[in-house]
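Here is a friendly walk through a protein model. Have a look at the sequence and the fold before reading on.

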Amino acid sequence: MLINDWLSENKVSQVEFCNRYYKESGNTLTQGAISKWANNERIPRKEEMKIIFAITNGVVQPNDFYNL
């Protein structure tokens, strides 16, 4: 599932996702980074993908960013 679809389906704002990302990893994430992921302008790094996978309970997977 695309991250944008997951955010919409779960009624989670990009800012709230940043908060969840921080709680999961202890690292900050900008709303701009999520926006770029959602608009296919940037692919998350491996470490970021692991955290996205954890936050979304495995629904958003690394392959989802590669349009495979």
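Is Asn4 buried, exposed or partly exposed? With a relative accessibility of 33%, Asn4 counts as partly exposed; buried means under 20% relative accessible area, exposed over 50%, and partly exposed in between, using a 1.4 Å probe and protein chains only. Asn4 sits in helix 1, where helices (H or I, at least four residues) are DSSP runs numbered from the N terminus. Its C-alpha atom is 8.6 Å from that of Ser35, although their positions lie 31 residues apart along the chain.

A word on the source: this is a predicted model, in which local features need pLDDT of at least 70 and side-chain atom pairs count only at pLDDT 80 or more, while totals for chains, interfaces and linings use all residues. Residues are numbered from 1 along each chain as its sequence is written, and side-chain values use heavy atoms, leaving out hydrogens and water.

Now for the interior. The largest nonpolar core (buried Ala, Val, Leu, Ile, Met, Phe, Trp, Tyr and Cys residues joined through side-chain atoms within 4.5 Å) has 18 residues, and Ile3, Phe17, Leu29 and Trp37 touch the most other members. Helix 1 (3-9), helix 2 (14-25), helix 3 (31-38) and helix 4 (46-55) each give two or more residues to this core. Beyond its neighbours within four places in sequence, Trp37 is in contact (heavy atoms within 4.5 Å) with residues including Ile3, Phe17, Pro44 and Phe65.

Two residues have a positive phi without being glycine:

| Residue | Phi | Place | Relative accessibility |
|---|---|---|---|
| Lys11 | near 55° | loop between helix 1 and helix 2 | 78%, exposed |
| Asn57 | near 55° | segment after helix 4 | 71%, exposed |
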